[in-house]
Amino acid sequence: MNVKTMGRAAAVLVAGLAGAATAATANGPVCNTAATVSSTTYYACSGSSHTALDIGGVACGEPFYAPLVGSYYYKLYGGCAATCTGNTCNGGAGNYYVVTGTSGWDFRMLHLITDAYSASKTCNGCRLGQVGGTGSATSAHVHLDNRQYGTRKSSWYVSAGTTCGSSAYCGNVIGYPTL
Ligand SMILES: [Zn+2]
C-alpha cells in the first residue's frame, strides 16, 4: 500500500468510527467520600422503576464535577431557582446537563444548583455546579441516566458493578455510558 492509499484507508476508518456509539467511562461526580448511590434500577433501591443512578449522602451545595473521563461537551439547561427540596422546573429535571452521543444516545445529569461554574462547555472533569434539589427531588441528590432515543438503560452501571450503597466518590468508576 502506498502512502496515498494508506491515507485514504485511514480516513475511511475514522469516518466509520465516528458513526458508532462507544463506551465512555463515568467517575463519581462528587469529590467527597461520603457520596453514595441511593437509587439504581428502583427508586431508593426497592421502589418503582427508576433505571438510573441517584447519588446522595452529601450536603446540598456540594460541588458537582463532570463525571465523564475525557473531554466532552456538557450542554446546560438552566433557569431553575436554587432549592434543596424540589420544584417543578424544567418538567421535573431541574437544572441539568446533557452530553449527546451518536445513534440516539445521551447522558444526563439532573437536579443541580447552578453557580459561577455553570455553563455549557467542553471539559474533562471540570466543576459544573452543585448537588441540589431542583426539579422533582425531595432531598439533595443528582440523577445520572444514559438513554437511547429517550429510553433509560441500566447496562452502563450494571456493567461497572455499581449498586445501592456503592461509592460515588470522584476517584471511583460508577459506569460505562454508551455515547
Ligand atoms: Zn433519579
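Start by selecting Thr36 and Gly56: in this predicted model, Gly56 of E3 is the bridge partner of Thr36. Widen the selection to both strands and you'll see E2 and E3 pairing in the antiparallel sense over 3 bridges.

**Stay on E3**

Now show the side chains along E3. Which residues point which way? Leu53 and Ile55 go one way, Asp54 and Gly56 go the other, and all are buried. Next, add E10 to the view. E3 pairs with E10 too, again antiparallel and over 3 bridges. For one of the contacts between the two strands, pick Leu53 and look across to E10, where its bridge partner is Leu144.

**Into the core**

Keep Leu53 and Ile55 selected and add Val30, Met109 and Val142. In the largest nonpolar core, which has 34 residues, these five touch the most other members. Want to colour the elements that feed this core? Pick strands E3 (53-56), E5 (72-77), E6 (95-100), E7 (105-112) and E10 (142-148), plus helix H2 (155-158); each supplies at least two of the core residues. E7 gives the largest share, with 4 residues.

Centre on Val142 next. Which residues does Val142 touch, once those up to four places away in sequence are set aside? The list runs Pro29, Ile55, Phe64, Met109, Leu110, His111, Leu112 and Val131.

**Hop to Val131**

Val131 from that list is your next stop. Val131 sits in the loop between strand E9 (127-130) and E10. Is Val131 buried or exposed? Val131 is buried, because 25 other C-beta atoms lie within 10 Å, and the cut-off for buried is 20 or more. Turn on its contacts, again leaving out residues up to four places away: Val131 touches Val30, Val58, Cys60, Gly61, Glu62, Phe64, Ala140, His141 and Val142. Put a distance label on Val131 and Glu62: the C-alpha atoms are 5.3 Å apart, although 69 residues separate the two in sequence.

**The loop between E2 and E3**

Go back to E2 and E3 and select what joins them. Tyr43 is in this loop, between strand E2 (36-39) and E3. Tyr43 counts as partly exposed, because it has 15 C-beta neighbours inside 10 Å. Beyond its neighbours within four places in sequence, Tyr43 is in contact with Ser48 and His50. Draw a C-alpha to C-alpha line from Tyr43 to Asp54 and you should read 8.4 Å, for a pair 11 residues apart in sequence.

Step along to Ala44, which is in the loop between E2 and E3 as well. Ala44 counts as exposed because it has 12 C-beta neighbours inside 10 Å. Check its backbone torsions while you're there: phi is positive, about 50 degrees, although Ala44 is not a glycine. Most residues other than glycine have a negative phi.

**Another positive phi**

Tyr149 is worth the same check. Its phi is near 45 degrees, a positive value in a residue other than glycine. You'll find Tyr149 in the loop between E10 and strand E11 (151-152). Tyr149 counts as exposed, because 8 C-beta neighbours are inside 10 Å.

**Towards the C-terminal end**

Select Gly171, in the loop between H2 and strand E12 (173-175). With 9 other C-beta atoms within 10 Å, Gly171 is exposed. Then add Gly28: Gly171 and Gly28 are 143 residues apart in sequence, yet their C-alpha atoms are 6.7 Å apart in space.

**Zoom out**

Switch to cartoon for the whole chain. How many helices and strands are there? The count is 2 helices and 12 strands, in the order α-β-β-β-β-β-β-β-β-β-β-β-α-β along the sequence. Of the 179 residues, 39% are buried. If you have a contact map handy, take the contacts with a separation of 6 or more: 67% of them link residues 24 or more positions apart.

Finally, colour by pLDDT. The chain averages 92, and 90% of the residues score at least 70. Now select residues 7-16, where pLDDT stays under 50 and the model has 0 contacts beyond four places in sequence. Where pLDDT is low, the predicted coordinates should not be read in detail.

Key: Residues are numbered from 1 along each chain as its sequence is written. This is a predicted model: local features need pLDDT of at least 70, side-chain atom pairs count only at pLDDT 80 or more; totals for chains, interfaces and linings use all residues. A nonpolar core is a set of buried Ala, Val, Leu, Ile, Met, Phe, Trp, Tyr and Cys residues joined through C-beta atoms within 7 Å. Two residues are in contact if their C-beta atoms, placed from the backbone, lie within 7 Å. pLDDT is the predictor's confidence in each residue, from 0 to 100. Two strands pair if DSSP finds at least two bridges between them.
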